[in-house]
Amino acid sequence: MFIDVQRIFIKAGDGGDGCTSFYTEKYVSKGGPDGGDGGNGGDIIFEADAGKSSLIDFRYSQHFRAENGARGEGTFKHGKNGKDTVIKVPCGTVIKDADTGAVIADMFSDGMRAVVLRGGRGGKGNARFKSARRQTPRFSQTGEKTSERSVVLELKTIADVGLVGFPNVGKSTILSVISAARPKIAGYHFTTLHPNLGVVKYHDMSFTVADIPGLIEGAGEGAGLGHAFLRHVDRVRLIVHVIDISGSEGRDPAEDYRIINRELKTYNKALAKVRQIVVLNKADLLPDDSAIVKFREAVGKKPVVISAASHVGVDELIAAMAKALSKLPPVEPMRFEPFVYEKPDAGGFEIIKDTDGAFEVTGGLIDELARNVVLDSTDSFNFFQRKLKELGVIKALRTAGAADGDTVRMLDIEFEFVE
């Protein structure tokens with residue numbers, strides 16, 4: 001089974017908690033704090049693997065979590081960092097944020113890696129909070145928590161040439177003749193249900209050709225399996241537009257040509273600018289050349305006339321593809337502004353007055369400070385309040401109208417404001 005789009009869920013590891021510990025040893029009465037820091041959580045990393053050709057693995061396994069960091073220990077022992085989770089995907093896989101559709105990474109070449117989620121930072125042990133004024137800090141910092149994200153994996157075939165056209169025009173037969181690929185071939189619609197790749201050799205040159213499954217009218221707007229097929233044309237350097245000149249399906253070849261080009265442009269305007277070679281296939285079924293002449297006059301193009309079934313004109317087609325490719329730039333990764341999952345601003349905060357008159361303070365600064373709070377530790381809470389004053393939160397509360405006796409909420413903490 002071929003899968004080229006899949007949604008998965010990923011989560012980086014949480015940071016390990018810092019340790020609250022005091023050095024103790026016989027005959028040593030005042031050893032001081034020795035709690036170590038927690039380990040950092042593992043990252044979520046994607047890696048392109050040329051050995052994979054489909055996203056089928058992700059149909060059965062959709063949740064990926066990196067390892068959490070370990071808790072710090074006494075005697076200044078740092079907690080173990082969590083292991084990264086490496087997710088291998090086929091070359092050509094585009095990773096997008098599921099909510100916005102923004103592109104995170106284009107896994108273009110074999111071995112390429114992209115860190116999509118960073119693990120949470122480990123919390124500081126109580127040894128880090130020792131100061132001249134605070135000799136015995138009885139609190140430590142919790143590890144940074146991470147959020148689960150949802151991403152969409154979208155496989156776009158990487159090939160030099162894309163064979164496009166209506167169903168049953170002979171694209172698979174052409175691929176089987178010009179390369180060693182052996183796609184399934186039969187005389188009915190949608191024999192090809194996913195792109196097939198073949199390598200074509202011409203003298204000292206070689207290039208890849210993808211047989212894009214047959215398109216239909218409306219494919220550019222998603223009709224049938226339109227978008228599922230068209231995404232595989234996005235990267236090609238050269239389009240070989242295959243037309244059934246015999247009209248064996250009862251369609252007009254010139255109208256077929258116009259419809260497919262219209263669908264390519266509807267899906268992606270850039271495809272209208274990709275160099276095309278027009279191929280009239282099944283010429284062996286024609287009684288004379290009148291249909292070929294009529295097609296030329298109707299579309300104003302000079303096509304390559306072949307019969308893939310009898311191998312007539314195939315060498316000329318290969319030569320034409322090689323000549324065109326020699327003048328075109330190589331396949332390149334997508335150009336995009338990478339989407340990054342940003343962590344909250346550790347210095348920002350916002351004050352909102354609730355309907356009950358209480359003042360609620362939120363933001364990255366509060367989240368960061370709250371990691372240091374142990375509610376049953378006076379030492380910890382005093383440290384928290386002093387930081388609020390130093391970092392301007394108390395002043396901002398006064399500006400917002402907070403007065404003695406007003407209630408202030410921060411996360412799960414609620415206290416009375418005192419000037």
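This section describes the two largest pockets of a predicted model and the surroundings of one lining residue, E144.

The largest pocket has a volume of about 720 Å³. Its lining comprises 29 residues, of which E144, K145, T146, K343 and P344 lie closest to the pocket centre. Two secondary-structure elements, β7 (113-117) and α7 (364-370), each contribute at least two residues to this lining. The greatest contribution is that of α7, which supplies 4 residues. By residue class, the lining of the largest pocket consists of 13 nonpolar, 11 charged and 5 polar residues.

For the second largest pocket, the volume is about 560 Å³. This pocket is lined by 19 residues, and those closest to its centre are D234, R235, V236, V274 and E332. The lining of the second largest pocket divides into 10 nonpolar, 8 charged and 1 polar residue.

E144, one of the residues closest to the centre of the largest pocket, was examined further. E144 is located in the loop between β7 and β8 (149-155); the strand β7 that precedes this loop is also among the elements that supply at least two residues to the lining of the largest pocket. The relative accessible area of E144 is 12%, and E144 is therefore classed as buried, the cut-off being under 20%. With residues up to four places away in sequence left out, E144 is in contact with D14, G15, G120, R121, K343 and R371. Of these contacts, K343 is itself listed with E144 among the residues closest to the centre of the largest pocket.

Key. Residues numbered from 1 in each chain as written. Predicted model: local features only at pLDDT ≥ 70, side-chain atom pairs only at ≥ 80, totals over all residues. Heavy atoms only, no water. 1 Å grid on protein atoms, 1.4 Å probe; cavity = no way out; pocket = protein on both sides within 12 Å on 5 of 7 lines; lining within 4 Å. Points joined across faces, edges and corners; volume = space filled by probe spheres on them. Nonpolar A, V, L, I, M, F, W, Y, C, P; charged D, E, K, R; others polar. Buried < 20%, exposed > 50% of the residue type's maximum accessible area, 1.4 Å probe, protein only. Contact = heavy atoms within 4.5 Å.
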